[in-house]
Amino acid sequence: MQHTASFKKDYYGGALMVLVGLSAIYAAFNYHIGSLSHMGPGFFPASIGGLLALTGLLIAASARGQKNKPPKEGAEEAVQHSHPSDFPDLRGAVCIIGGTLAFLLFGHYGGLLPATFFAVFICGLGDRTNTVKQVLLLAVAMCVIATVVFWWALQLQLPLFTWG
């Protein structure tokens with residue numbers, strides 16, 4: 001039972017990644033693609049879409065290979081019982097959505113550093129294995145990386161700090 005569910009999840013997840021990747025490629029053709037030496041605004045989305053579609057194809061193909069494999073000898077299948085009172089763990093999803101909203105809010109009203117800090121901090125809390133200290137250190141490290149990459153190297157037009 002568990003083997004078939006894993007196959008379907010991997011197969012459909014890979015197919016969804018292919019669909020999203022091909023959609024990104026299609027949308028990128030609305031812009032000038034350019035070449036490797038003279039990249040246009042559509043080059044990066046087309047490249048990422050192509051990599052996403054390729055990755056999805058590989059995941060779906062590996063799932064097809066799993067379908068034909070018999071379960072290992074001596075391996076007992078885990079039987080999961082669900083009760084109507086069981087709720088899915090939404091902590092990760094809520095933290096990811098909250099981190100994205102925090103980035104939008106603090107990016108507009110606080111600048112790059114507060115937006116990066118709060119987005120990473122809130123998203124990091126979505127993993128139950130992280131401690132607050134680990135998430136805090138990760139958020140500070142990402143602020144340093146964001147400053148070096150986006151503000152200094154790429155000269156992104158988002159100020160480090162802004163009030164209002």
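**Exercise 1. Find which helix of the protein has the lowest mean pLDDT and which the highest.**

Solution. The model is predicted, and pLDDT is the predictor's confidence in each residue, on a scale from 0 to 100. Helices (DSSP runs of H or I, at least four residues) and strands (DSSP runs of E, at least two) are numbered from the N terminus. Among the elements of the protein, the lowest mean pLDDT, 82, belongs to helix α1 (residues 2-28), and the highest, 95, belongs to helix α4 (residues 112-124). Over the protein, pLDDT averages 84, and 81% of the residues score at least 70. Where pLDDT is low, the predicted coordinates should not be read in detail.

Two conventions apply to the exercises. Residues are numbered from 1 along each chain as its sequence is written, and side-chain values use heavy atoms, with hydrogens and water left out. In this predicted model, local features need pLDDT of at least 70 and side-chain atom pairs count only at pLDDT 80 or more, while totals for chains, interfaces and linings use all residues.

**Exercise 2. Describe the secondary structure of the protein and the share of its residues that is buried.**

Solution. The protein has 5 helices and 0 strands, which gives the pattern α-α-α-α-α when read along the sequence. Buried residues (under 20% relative accessible area, against over 50% for exposed and in between for partly exposed, with a 1.4 Å probe and protein chains only) make up 23% of the 164 residues. Of the contacts (heavy atoms within 4.5 Å) with a separation of 6 or more, 62% are between residues 24 or more positions apart.

**Exercise 3. Test whether the length of α3 agrees with its residue count, and then work out where its buried residues lie around the axis.**

Solution. The expected span of a helix is 1.5 Å times one less than its number of residues. For the 19 residues of α3 (residues 91-109) this comes to 27 Å, and the end C-alpha atoms are 26 Å apart, which agrees. The next step is to list the buried residues of α3, which are C95, G99, A102 and G107. They lie on the same side of α3, because they cover an arc (of the directions from the helix axis to the C-beta atoms) of only 115° around the axis. An α-helix has 3.6 residues a turn, so residues three or four places apart point the same way. On the other side of α3, V94, I97, L101, L104 and H108 are exposed. The last step is to name the partner: the buried residues of α3 pack against α4. After α3 comes G111, with a positive phi near 110°.

**Exercise 4. Determine how many residues of α4 are buried and which helices they pack against.**

Solution. Helix α4 has 13 residues and reaches 18 Å from its first C-alpha to its last, close to the 18 Å expected at 1.5 Å a residue. Of these 13 residues 10 are buried, so that α4 is mostly covered, and the buried residues include P114, F117, F121 and G124. They pack against α3 and α5. On the α5 side, L136 is in contact with F117 and F121, leaving aside its neighbours within four places in sequence. The C-alpha atoms of L136 and G124, 12 residues apart along the chain, are separated by 8.6 Å. L136 counts as partly exposed, at 39% relative accessibility.

**Exercise 5. Decide what can be said about disulfides, with C123 as the case to examine.**

Solution. A disulfide is a covalent bond between the sulfur atoms of two cysteines, and here a pair counts when the sulfur atoms are within 2.5 Å. The structure holds 0 disulfides. C123 is in none, and the nearest cysteine sulfur, that of C95, is 7.4 Å away. C123 is partly exposed, with a relative accessible area of 26%, whereas C143 is buried, at 10%.

**Exercise 6. Set the "transmembrane region" feature in UniProt beside the model.**

Solution. The unreviewed UniProt entry places this feature at residues 12-31, 43-63, 90-123 and 135-154. The positions are given in the numbering used here, feature names are shortened, and annotations may be inferred rather than shown by experiment. Over residues 12-31 the chain is 85% helix and 0% strand, with end C-alpha atoms 30 Å apart. Residues 90-123 are 91% helix and 0% strand, and their end C-alpha atoms lie 13 Å apart.
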